[in-house]
Structures are given as C-alpha cells and as structure tokens.
Amino acid sequence: MMRLWDLSGAVRFLKAIGRSLNDGVSVVVRFPGTMPLGFQDAIIKDVRGLDFVRFECTRSPFEGLCKKYAPSVSSNTGDLYELCEHEGFRGKLIWLDSLHPKVWQQWQEFLTKYAQVNRFMSSLGRTLFVVPLEGEPPEEPPKNDVTMVTHDWSDVLDEMDLLFWANDRLLQKGMNYSQKPF
C-alpha cells in the first residue's frame, strides 16, 4: 500500500527538510491545515547524530528549556549562549509540541534569537528544532536565517502524485481495471 510519504512530491519535501537538519539548520514547517499523519516519523528517520525529544511548549521558552535540559543554567540570569553550550542541551533534535497561538509570539522571538546565537556556534552538537505549525499562525514564522529555515507544505503534491495515490487506493479496494474511473 502506498503511503503519502512515498509520493515524489512528498519525498522531495522530506529530503529538503532532511538536508536542512543534517546541515545543522533548525526548521519551521508550515501546514495550511492539519499536519499529515506520519510526518514526524518520516523526518526523524533520516536525521543523523541527534537525540530526538519532544518538548511541550511553555509560555517561557528559555525558562522551560533550561528547566528540562539545563537545570544548572539560571533562567533568570543565564543567557542563551550558556544554554546552547550546556551538555544537557547539546545534540538534540527538539520537536515542539502544542505550539498554540497563545505562546507563538514568545516562541517566535526565542527561535529568532536562537538562530542568531547559533550562527557563532559549531554545527557539531548543535541542538536543532523542528517547529510544526498547523493552520494559520497569528504571526509569520521566524525569518529564514543561516541556522533557521521555513518549509511550506504548499503545492508539494502535484496531479501525478494524486493520480498514483488514487490508483493505489482503488487497487487496494480490489477494483478491477474496468471499474476504475480513469
């Protein structure tokens, strides 16, 4: 049975994201509706050398990340560079969960600052973020940077992808060629 992630447009989309992550660049992925099933699994299977973790988004990104991954860094007096250098924080692929519009502004600001700090850090051991945005976010995603890019799920699948997928579904239902609509 053909999966969405087997279609050529979806494969190109995944490869572009995988290249970004393997080059040490965090990604924001925007979906106009709901994120397609299997996207997370399709992404993490091709990323090398990073510990995959999920992080429940909080109102204060810096404070929440310090608390979970770098408790010795004071969220009151510590700086972002100190967090990035902390052994407990380094080398992760952090998938942001529950990124609600109420906390988006704080995360957008944090991710922009994070991308700027990462410009001056080695890509080896750098922690990266995957930021899936579903529906219309209240603000634009962070601007593309050397260490942060946005990928939009827009016109990813073309007509041929959809025809292949529909044909596969009809075959799965046991329809013979005389019953097919095309």
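Reader: Is Phe 31 buried or exposed?
Author: In this predicted model, Phe 31 has a relative accessible area of 1%. The cut-off for burial is under 20%. Phe 31 is therefore classed as buried.

Reader: How is the ring pair of Phe 31 and Trp 153 classed?
Author: Trp 153 is buried too, with a relative accessible area of 16%. The ring centres of Phe 31 and Trp 153 are 6.0 Å apart, and the planes meet at 45°. Planes under 30 degrees apart would count as stacked and those over 60 as edge-to-face. The angle of 45° falls in between, so the pair is tilted.

Reader: How many residues apart in the chain are Phe 31 and Trp 153?
Author: Phe 31 belongs to strand E1 (residues 26-31). Trp 153 sits in the loop between strand E5 (148-152) and helix H6 (159-172). The pair thus links distant parts of the chain, 122 residues apart.

Reader: Which residues form one aromatic cluster with Phe 31 and Trp 153?
Author: Across the whole structure, a search finds 17 aromatic pairs. Phe 31 and Trp 153 belong to one cluster. The other members of that cluster are Trp 5, Phe 13, Phe 39, Phe 52 and Trp 95.

Reader: Which element gives the most residues to the largest nonpolar core?
Author: The largest nonpolar core has 30 residues, and Leu 65, Ile 94, Trp 107, Phe 110, Phe 129 and Val 131 have the most contacts inside it. Elements giving two or more residues to this core include strand E2 (51-56), helix H3 (61-69) and helix H5 (101-118). The element that gives the most, with eight residues, is H5.

Reader: Which residues from 127 to 130 does Ile 94 touch?
Author: Leaving aside residues up to four places away in sequence, Ile 94 touches Val 53, Phe 55, Leu 65, Tyr 69 and Phe 89, among others. The contacts of Ile 94 in the range asked about are Thr 127, Leu 128, Phe 129 and Val 130.

Reader: What covers the buried residues of H3?
Author: The buried residues in H3 are Pro 61, Phe 62, Gly 64, Leu 65, Cys 66 and Tyr 69. Their cover includes E2, H4, E3, H5 and E4.

Reader: Why is Cys 84 not bonded to Cys 66?
Author: Both cysteines are buried, Cys 66 with a relative accessible area of 2% and Cys 84 with 4%. A disulfide requires sulfur atoms within 2.5 Å, and by this rule the count is zero. The sulfur of Cys 84 is too far for a bond, because its distance from the closest cysteine sulfur, in Cys 66, is 9.6 Å.

Notes
Residues are numbered from 1 along each chain as its sequence is written. This is a predicted model: local features need pLDDT of at least 70, side-chain atom pairs count only at pLDDT 80 or more; totals for chains, interfaces and linings use all residues. Side-chain values use heavy atoms; hydrogens and water are left out. A nonpolar core is a set of buried Ala, Val, Leu, Ile, Met, Phe, Trp, Tyr and Cys residues joined through side-chain atoms within 4.5 Å. Buried means under 20% relative accessible area, exposed over 50%, partly exposed in between (1.4 Å probe, protein chains only). Helices (H or I, at least four residues) and strands (E, at least two) are DSSP runs, numbered from the N terminus. Contact means heavy atoms within 4.5 Å. Rings of Phe, Tyr and Trp (its six-membered ring) pair if their centres lie within 6.5 Å; planes under 30 degrees apart count as stacked, over 60 as edge-to-face and the rest as tilted.
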